Every structure is written in structure tokens, then in C-alpha cells.
Amino acid sequence: MDKTLSLSEKFYNRELSWLDFNYRVLSEARDKHIPLMERLKFLSITASNLDEFFMIRVASLIDQVHAGYTKKDIAGMTSKEQITAIFKKTHKFATSQYSTYNRSFLPTLKKEGLKIVTEYEKLTEKQAEYVDTYFMQEVFPVLTPMAVDSSRPFPLIRNKSLNIGALLMDKKKKDTIDFATVQVPSGLPRVVTIPADEDNCMTIILLEQIIEKNIQKLFLNYKVLCATPFRVMRNADLTIDEDEAADLLVEIEKQLKKRQWGEVIRLEVEEPIDKRLLKVLRRDLNMSEDAIYRLNGPLDLTFLMKVYDIEGFDHLKEPPYQPQHPKMLVPGKNLFEQIRERDILLHHPYESFDPVVHFVRLAAKDPDVLAIKQTLYRVSSHSPIIAALAEAAENGKQVSVLVELKARFDEENNIVWAKMLEKAGCHVIYGLVGLKTHSKITLVVRREEDGIRRYVHLGTGNYNDSTARLYTDMGMFTCKYQYGEDATAVFNMLSGYSEPLTWNKLALAPLWLRDKFLGLIARERENAQKGRPAKIIAKMNSLCDSGIIEALYDASGAGVEIQLIVRGICCLKAGIPELSENIHVRSIVGTFLEHSRIFYFENNGEPEYYMGSADWMPRNLDKRVEILFPVEDPVLREEVRHILDIQLSDTKKAHILMPDGHYEKVDQRGKTPLNAQMYFCKQAMDSDTPSNRK
């Protein structure tokens, strides 16, 4: 590899690469081969993605600028340069979002019998009467108008809340103009169905439109000069000094309250907006021009998820997929017995997550089970796993649960679960100081006729029964002794200060995993240099670790064929002569969110397979507790390779990273059409199993 290359010649900026990913999601919203309602969901996802990106990533960069931090990123950009580039790209992105909404979705929806009101004035007399009545009966009693004058300061606008800003003129003092704001109530439906018009189309109107057009009724002594929706995005990146926090749970609870009032980092306004009104918002929210987004349509496009749920349009949706019973499991047969017979591989959401829930439930009730230990990062709001753990403790079993309180945007949820588990008698651990515990592992200790046996579940995704229907993940059950011994060592390390001298099978971050990956990559490089078979296939969410990327560049230079399946951020440059000409990168964006991490190393014709919880990112390798585990059963290895091969053959949902940095959909000419996700759905519903499929 040419050591003289600059950082910008070797790496892409992380944040701009993430925005490229959101463009790939937007491309699904614009793909007319996809059913219309499914396309609505993709546009909604781009909006929620962008919100989180600003609240965390952009907020962090702004904090760095405030702190005078000048260190450059992986691509040689300062924080200030990154912010400038991000604002430029996100303004263009917002234009594309609203062009898609206005020019594609609105007319197509209307053609299909669903009309979204864009101009209040065009309501029929019957519709206008209905909306005005709805406002007075359902909305007006809930609203709290907030005027701003010498005695009432500018109110605190909650993060992500939708508001109506207005300029008012006192009917008695006509030379005075005041500002007022009304928060659109989050407790009321934002999407309101109203009587059909003369076209007999189902018609919906947004709550903020109803309030905006009836706002005069809130300020009877004033003349409303103008009124426009606006929305702010605040810094939601929690800053917690764990060394100083006497009680981490209490400290996080306090920080969560501050999230609503962090520094404003983005202001969205609906066009057209009165210049005087915008001037007031900009001044009182202290916004730069670059941070103001003038949007040609309704703010916060996540409301499209509610539109998707409207009944009567199933013909515009993909038929819902029902996760299938895993082929490796025999229905009705004791799960512990099946795990004793062989390791078991699970592929979610194509195969059901129910066996994982059943594993914990069975352990909770089984009189021979002595202990259950589990790590929890994100769980659902009505988690059956939490209920099973609580039941196990109540049944007298030793239950230890690590609940990661620092799981971003799930902190509040996890605090609730932690308190509930403690009340049930579980021993709850709140993670390690300075580290997030992101690993996915469950250990069940059971007394059997031939002694104590440890059953282990290891996974690439969270113990969340809801997201397990939306995210693609892998899981493995085993009761092999060396895995069980390592699992015990993991929990002893998390709950105390005990570190094993050696590991049998598992590799953990932050102490050992980076070296493990670098060693595996180096071995492939050495094999290639000696003319031996050498290949790497790696699937992950994000790739932005400079050390790993440099190692991949070195391996590519030695002739190692490298196939990467990276859903989101990719700071590596692919296909660059004398740098990465043997590296190929693809991103798959489809119905399900690609979430599994799978790694294949050729190893001179004796391939090794690994799965785990970690992406190739500095935070995963250096600042989190992560687990990488090998897949050693020959049948399971064959299935894992099959999964990778199908993903590498996808011609429908794969986007290929080109040498100039942009992504292109696979050229389908001369290729057999293949949608990997739909293939796996069909495979799960077919009768073949990994052991008999040729």
C-alpha cells in the first residue's frame, strides 16, 4: 500500500458515508417496482434516521467545535469542516425527500383513492364544517397557547415537538406585533380522517393544519398576521461522568430530563413562512442560516408510518411475512435435549425468535436449572424475556442480568426494566464503568444426571422480540463445554473483576477482539503472499476503524480477495488501484434491516467462520464489551456460507460501492434476478433443511 496517500485519499468521512446510506434508503422510497405503501415506510425511515443523526452525530461535532477540539477525523476533516459538509448535503437530501413526497407520493396516493390535504382552502363545505367541529370538540380543550412579550419570555420548545409559530397584532395597539407559539399535542392523532370529497377519495388532514387554520380562536383579542409550523432538533447526546456518578441509574435519570432542553442544532420550518416570523425564531433559538431547513411540505415525515397503517390499502403493501419455525428444531421436543444433540443455528427474522424466548421461559420453570445469566441491551416494551427472568428469580433460581443503561434512546426503558428485575429478586448489574456492554449472550446452568451442564445462546442481535421481526440476525445454541466455560468467564468478568488467563472459543472487546481480527486478516495476507488460498468475506453494519481498514488494504495488496457486505457507514475506499483493487463492497437495503455480523476467513483451504455483536468500528473494538464466537459445526458452517453467498449474489437490493465513492444498484443485465431477503423468506417456508439442501 502506498504510505504517501493522504487521509482523504484513503478514507471516506464517517458522517458523509452515513448520509450516503440514508440516500440508499431514499432510493427504495423512489423505486416504483416496490408497492406504494412500502415506499411510504422507506421515506418515513429516512426522516427518523436523520433526526437521530442530528441529535447524536451532528450534536457531538458541534460540542467539539464549542470545546475548541481541532483533531481531524479518519478522512482528515476537522469538526467544523464536517458540519459544513453535512449541512450542505442534508439540505440537498431534504429537497429530495420532499420532491419524492410531493411529486411522486401525493398524486399516486390520490390515484389509488387516498387524498392527503395540502391546501386547507380547497376543503368542501362539508369537510370544512367537520374539521372546525373537530377542532372545537377534540383539539381546542387540549391546546396551550404561549404568548411572548415583556412579561413572558420565549418558551422552551421541546425536542422534536411540532409547534405552530404565529405573529399577533393587538387589535387595540396596532403598532405592536407579538410572537406566540402553540405545541401540537402529541397525545392526539396527527393523521385525521375527514369526510370524502366529490371524488369519493378517502381524505386525511394533519393535525397541525387544523390548528394552524383555527389558530385565531386561540387569540381572540389579537389579529393573527401569520402562522406556520416549526420544529426544533436538540442535542440529545448524554454526557455522563461515570467515575463521579455515585449511582449510575440516578445519574442517567437526571440526564434524560436534560435531553429535552439541549442546545438547538436544527430548525425546520414549513414553507412558505413569513420573513418576520422566521427572524423571531432564528433570533430566539440562536440559529445559524445553515441550520434552518425550509421544507416544502409537512414537517416530520415519520407521520407516513401512520398513513401506512390506514386500513383498506393492503393491495398496495407487501404481504406480511410470518417468521417460520426453525428447521433445525423439532416442534414439541425438549429444547435442552435438542441442544445436547447438536449446535443449533437460528436465522432471524426468517426463522422465529420464539425459541430464544422459549429457552429462557423453559429455564425459568425447569426444576433442574440452577442459574440464568443474560446481557440485555435493548428489549421490547412488553418483553417476554424480562417476564421470564423475573419468574425464574421468583422460582428461586440464581438470576443475574446485565442491563445496559447507556443503550442510546433506550435508557429510560432499561431503567424501568432494571428496577422491575431487582424487585423480582434478580441480581442486576449496570455494566462496566466507561464501557457499554453490547454483547448478546445467555447462560443457563442446569444439573443433569452426569453433572452440571451449561447451555449457551450467542447472538448478533438484541434480545428484543419486536425488532427480531424486522432485523436480520443470527443466533446459535450450544452446550459444548468450552463455550460454557467461556460464558461463565464472561459473566464473572462483568459482575466482578475476574479475567480468565485464556479463552477457549470466545474473543471479547475491548481487550482481545481487535488483535483477533487483525491476526485473522494478517494470516490471510501471509497466505496470499505464499500463494496459498486466501479470502475474506465480512458482513456488518458499519466499517470505519482505520486500523482494520489499513489491514484490509495491506491484504488486498497481497492479493487477498475481500468481499464486504456493509449496510451503513463504510469509510473504506473500494476498487482503487494499488490500494484496494481486490476489495469489493456492497450494501443491501431491503424490507428488513440488515443487522447480523458474520466473518469468513479462507485459512489456506480450512475456512473459519465467526459471528458476533461487533462492527468494525473504534467504539465496538475499544469502548464496548463485545463477543465474537466461532461456528464450528460443519452443517452450521455450510449454512452460514450459503447465507453469505446468497447475499453476494443479490441483484435486486444490493448497492455496489464504486471507486469514485458513489453507490450503484447492481446491473441486472445477464444476471438471474435475486432478492436475498425474499430468497431467505421462501427458504424458511420451504421444506428443505440445511442438512439436506444441496
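**Overall build and local details of the chain**

In this predicted model, the chain folds into 19 helices and 27 strands. Its radius of gyration is 27 Å, close to the 26 Å that the globule rule gives for 694 residues, so the chain is as compact as a globular protein of that length. Picture a box drawn around the C-alpha atoms along the principal axes: its sides come to roughly 90 × 65 × 55 Å.

What share of the residues is buried? Of the 694 residues in the chain, 58% fall into that class. Contacts tell another part of the story. Taking those with a separation of 6 or more, 74% join residues that sit 24 or more positions apart. As for the outside, the chain exposes about 30,400 Å², and carbon and sulfur atoms supply 49% of that area. Charges come next: there are 94 positive and 98 negative ones, and their mean positions are 3 Å apart.

Moving on to the backbone, two peptide bonds leading into prolines deserve a look. The bond from E271 to P272 is cis, with omega near -5°. P272 belongs to the loop that runs between β8 (264–270) and α8 (275–285). The bond from A509 to P510 is cis as well, with omega near 10°. Here the loop is the one between β18 (507–509) and α15 (513–529), where P510 is found. Each of these prolines, then, sits in a loop with a strand before it and a helix after it.

Positive phi values turn up in residues other than glycine, too. One of them is N286, with phi near 60°. N286 lies in the loop between α8 and β9 (292–295). Is N286 buried or exposed? With a relative accessible area of 67%, N286 is exposed. E578 gives another case: its phi is about 65°, again positive, although E578 is not a glycine. The loop that holds E578 connects β20 (561–566) and β21 (583–588). E578 also counts as exposed, at 65% relative accessibility.

Now for the cysteines. A disulfide is a covalent bond between the sulfur atoms of two cysteines. How many disulfides does the model contain? The count comes to zero. C570 shows how this works out in one spot: the closest cysteine sulfur belongs to C571 and is 7.0 Å from the sulfur of C570, which is too far for a bond because the cut-off is 2.5 Å. C570 is buried, with a relative accessible area of 1%. Another cysteine, C201, counts as buried at 7% relative accessibility.

A few single residues help to fill in the picture. S556 lies in helix α16, which covers residues 546–557. At 2% relative accessibility, S556 counts as buried. Which residues does S556 touch, not counting those up to four places away in sequence? The list is I562, L579, S580, E581, N582 and I583. I562 falls within the residue range of β20 (561–566), and I583 within that of β21 (583–588).

Helix α11 (residues 354–365) offers two residues to compare. P355 is found in this helix. With 9% relative accessibility, P355 is buried. Setting aside neighbours within four places in sequence, P355 is in contact with P326, L329, L335 and F477. K365 is placed in helix α11 too, yet K365 is exposed, with a relative accessible area of 56%. Which partners does K365 touch beyond four places in sequence? They are E391, N395 and K397.

Two C-alpha to C-alpha distances show how these helix residues relate to other parts of the chain. P355 and E578 are 223 residues apart in sequence, and 48 Å separates them in space. K365 and A94 are 271 residues apart in sequence, with 52 Å between them in space. So helix α11 contains both a buried residue, P355, and an exposed one, K365.

Note on methods
Residues are numbered from 1 along each chain as its sequence is written. This is a predicted model: local features need pLDDT of at least 70, side-chain atom pairs count only at pLDDT 80 or more; totals for chains, interfaces and linings use all residues. Side-chain values use heavy atoms; hydrogens and water are left out. Helices (H or I, at least four residues) and strands (E, at least two) are DSSP runs, numbered from the N terminus. The radius of gyration is taken over C-alpha atoms; the globule rule is 2.2 Å times the number of residues to the power 0.38. Buried means under 20% relative accessible area, exposed over 50%, partly exposed in between (1.4 Å probe, protein chains only). Contact means heavy atoms within 4.5 Å. Accessible areas come from the Shrake-Rupley method with a 1.4 Å probe; for residues, only the protein chains shown count as cover. Lys and Arg count as positive and Asp and Glu as negative; His and the chain ends are not counted. The place of a charge is taken as NZ of Lys, CZ of Arg, CG of Asp or CD of Glu.
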